[in-house]
Amino acid sequence: MDELDPVIHVQARLRIVTILDALGSGDSLSFPRLQTLLSTTSGNLATHLRKLEDSGYAIVEKVLEGRNPVTYVSLTDEGRLAFRVYKKHLRALLDSSES
């Protein structure tokens, strides 16, 4: 049996990836909105996003909207694929435990 992806398997990152995967491909979510959805601190969220970004699973983009900096987060195609594989492996693990 294949192992679960350790980058995604951490609870906070699993929640992040699940939320971002619900967006359409190429869509993003603002950092403050994601922080609100997760009920987490900005430092904690930034740490987990860095791990996802370093793994190539997420993109963190900082832009100026007017005079205000805004950070947007989205999943890469690689991140979406990794999450699909993660879910497949998790389902197989759960199904094998019922036997």
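Which side chain does K87 meet in a salt bridge? The partner is D21, with N and O 3.9 Å apart; a salt bridge here is a side-chain nitrogen of Lys or Arg within 4 Å of a carboxyl oxygen of Asp or Glu. The structure is a predicted model, in which local features need pLDDT of at least 70 and side-chain atom pairs count only at pLDDT 80 or more, while totals for chains, interfaces and linings use all residues. Residues are numbered from 1 along each chain as its sequence is written, and side-chain values use heavy atoms, with hydrogens and water left out.

K87 sits in helix α5 and D21 in helix α2, so this pair links distant parts of the chain, 66 residues apart. Helices (H or I, at least four residues) and strands (E, at least two) are DSSP runs, numbered from the N terminus. Under the salt-bridge rule the count comes to 2. The other pair again involves D21, this time with R80, where the closest N and O atoms are 3.2 Å apart. Since D21 belongs to α2 (residues 11-21) and R80 to α5 (residues 77-97), the bridge ties together parts that are 59 residues apart in sequence. With partners shared, D21, R80 and K87 end up in one network. As for the background, side chains of opposite charge can pair when their charged atoms come close.

How do these residues sit with respect to the surface? R80 counts as buried, at 9% relative accessibility; the cut-offs are under 20% relative accessible area for buried, over 50% for exposed, and partly exposed in between (1.4 Å probe, protein chains only). D21 is partly exposed at 24%, and K87 is partly exposed too, at 27%.

Helix α2 also has a buried set, made up of R13, I16, V17 and L20. These residues cover an arc of only 95° around the axis (taken from the directions from the helix axis to the C-beta atoms), so they lie on the same side of α2. An α-helix has 3.6 residues a turn, so residues three or four places apart point the same way. The buried residues of α2 pack against α1 (6-9), β1 (29-30), α3 (31-38), α4 (42-54), β3 (68-75) and α5.

On the β3 side, S74 lies in that strand and is buried at 9% relative accessibility. Leaving aside neighbours within four places in sequence, S74 is in contact (heavy atoms within 4.5 Å) with L20, D27, S28, Y57, A58 and I59.
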